[in-house]
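Reader: I'd like to go through some of the labels people put on a model like this. Could you take me through them?

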Amino acid sequence: MEGGAPVFPPLRASRAVRSMDDIRALEQNSIAEALPQQSTYELLRSSRASFGRRAAITFLHSGDPEGDVTTWSFDELFRKVTQYANALHALGIGEGGVQAILLPTCLEYQLGLWGGSAAGIAQPLNPLLMEDKLVSLLVSSGASVLLAWGEDAEAEYWSKAMRLKNRVPGLQHVIRVAPRTDACVRPADLPSGVYHLDDLMVAQPDDTLVSGRSIKATDIASYFHTGGTTGAPKLACHSHGGQVYTCWASVQLSGLVPDDVTISGSPQFHVAGTLAGSLPAIASGVHQVVPTTTLFRNRDVIRNYWKIVEKYKVTLAGGVPTVFSAICQVPVDGADISSLRYCRSGAALMPPEVAAKWERITGQCVHGTFGMTETSGITSTTPLGTAGPAGCVGFRLPYATIRIVERDAEGRASDKDVPDGQSGIILCKGPNVFPGYLDPQDSEHAFVHGGWLDTGDVGWFDDMQRLHISGRAKDIINRSGHNIDPKVIEDALSAHPSVEHAAAVGAPDAYAGELPVAFVQLLEGQSVSEEQLLDFAASRVDEPPARPKRVFVIDTMPLTNVGKIYKPELRTIAAHKVLEEILDRICKECHSGARPVIRNDQKAGFFIELSEQHDAALERVLRIRMGELPFVDVQILRSSKTIDH
């Protein structure tokens, strides 16, 4: 007992998992026996009791592995989290109260996550979201406290925090996290309702929750937003029990042990960094190395990656495919990387060439993982000691269920299962599945056929019951009724020695509906023509309908904030190019001269602007041709007059 609360052993892998039989063996005990902890706070307490002064998190202040660092032990982590939870309690945060987080990745983020959920509900925010979306998220959650970075840095953290305080009526308090520059200058005067973190924490006890709160597994721990890169972000509710379960399952299938050391490279506002990465490490005694506030977006971190592995004897590596690709371009240059024993990739499909290159460099295969915000970060994973081809994301989690079902006539998930080896939409049930979005209306389409979560992903089971991912259902390219998996094109182009990243999308076509096109980012210093890439892809894509019609070489692939290729932007670029080609042909046919201007609005779609020199004949042809073009919202404008699609 500690402070009147029971202290359970930390999480440990019960057995080596190599097959579905091992998964079923883990399920012989009840889930209550497997998971005595009810909350993330109890996980921290258990680790503190077992690992005490051992290093929990080491933060690198620069990308230089020999540079300055700050390390928190498991004891310090628990005490600081407790102090912060008590500081929030003093500000009026109780069960159901919301504390939002607007920070880069830093040590204090752990306070916001675990202290916030110990006092009430934590709400991590992507600092690069548009300010209006941040306002919407804060209003929706009812957040009354914001934990914010004390300088602007790359995302205008502090200025944005001050504006949010003025724009969000319910946001009563802002807590300032001191950046390292405060060693020289610390603002003396802060506006009303704004506090220095250290000042709030110093007077608080660090061994027990002043609130006396007994956190239940069903209590909501956090709100993670999803869908924020386009449209209105939704707030996914995560329970303490769901987060504890996902953490336990990750430890079991990854075989984590207290001697492990991991580089934590995913941002903490994302479930991959928090629930698939940080929490399992904390709960099992793993030492986390956090490489600067900008993580793998810091070029010095990538440049020194192998040196960091050598210095800290890193055993666990992880990241998204774009990160693995960047690291593979860095020479090992004599660094001792023999400590590596487990490498895990998620968030997007790993190109086979990148996986093969990683294995040649490290001697370790890349273990695929599948997860999403709505499954608390993990749905399936490839365990330590097993391997699978690119696209294989391993076994389902213990006590969880995955179905593969046919698509109905509208392309949605049906209630009809497909046989092993056949592709379909992935449905999930289990303790990792979230209870729903904060807004019940957002949940209406998330669950189908009696409570199954529709992931929106397409995949299939092999004869070992391993899950393989083909891609997102919405990413499937439909060419005259022929469903094309973009991964086939992407794998073909990624095999080219000059290609760093490749992505395939559907471009609208009046006859076929969609035609496959590809975008390529070349390795630095490489040069290859689009025609050569088109021929290269055609020679490696067996199905003629799947061979891309165009390949576009671009300087930089658009990425999300967690490093995934952002296909909506590529689809917009592809549609824009199609519109340009159509307009060129129409203008030539109509002897129109200058091509009308095309504008794109993220929400409203495309606008074609006609000037006085464009006659009514051109206008009529445009209306007909634009009406024939699928999947593109186009409006034709002339002066103040709008002509419908």
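Author: Sure, here are a few labels, each set against its cut-off.

Author: This is a predicted model, where local features need pLDDT of at least 70, side-chain atom pairs count only at pLDDT 80 or more, and totals for chains, interfaces and linings use all residues. Residues are numbered from 1 along each chain as its sequence is written, and side-chain values use heavy atoms, with hydrogens and water left out.

Reader: Why is H6 called oblique to H7?

Author: Helix H6 (residues 131–141) and helix H7 (residues 157–167) pack at about 50 degrees, their axes 10 Å apart. Under 35 degrees counts as roughly parallel, over 145 as roughly antiparallel, 65 to 115 as roughly perpendicular, and the rest as oblique. So the angle makes H6 oblique to H7.

Reader: Which residues make that contact?

Author: With contact meaning heavy atoms within 4.5 Å, H6 brings Glu131, Asp132, Leu134, Val135 and Leu138, and H7 brings Lys160, Arg163, Leu164 and Arg167.

Reader: How do you know whether Tyr223 is buried or exposed?

Author: Buried means under 20% relative accessible area, exposed over 50%, partly exposed in between (1.4 Å probe, protein chains only). Tyr223 has 8%, so Tyr223 is buried. Tyr223 sits in strand S8 (residues 220–226), and among the residues it touches are Val98, Ile121, Leu235 and Leu438.

Reader: What makes the span of H18 close to the expected one?

Author: The expected span is 1.5 Å times one less than the number of residues. Helix H18 (residues 567–589) has 23 residues and reaches 33 Å from first C-alpha to last, close to the 33 Å expected. Just after H18, His591 takes a positive phi of about 55 degrees.

Note on methods. Axes are lines fitted to C-alpha atoms, for helices over the stretch in contact, and angles run from 0 to 180 degrees between N-to-C directions. Helices (H or I, at least four residues) and strands (E, at least two) are DSSP runs, numbered from the N terminus. Lists of a residue's contacts leave out its neighbours within four places in sequence.
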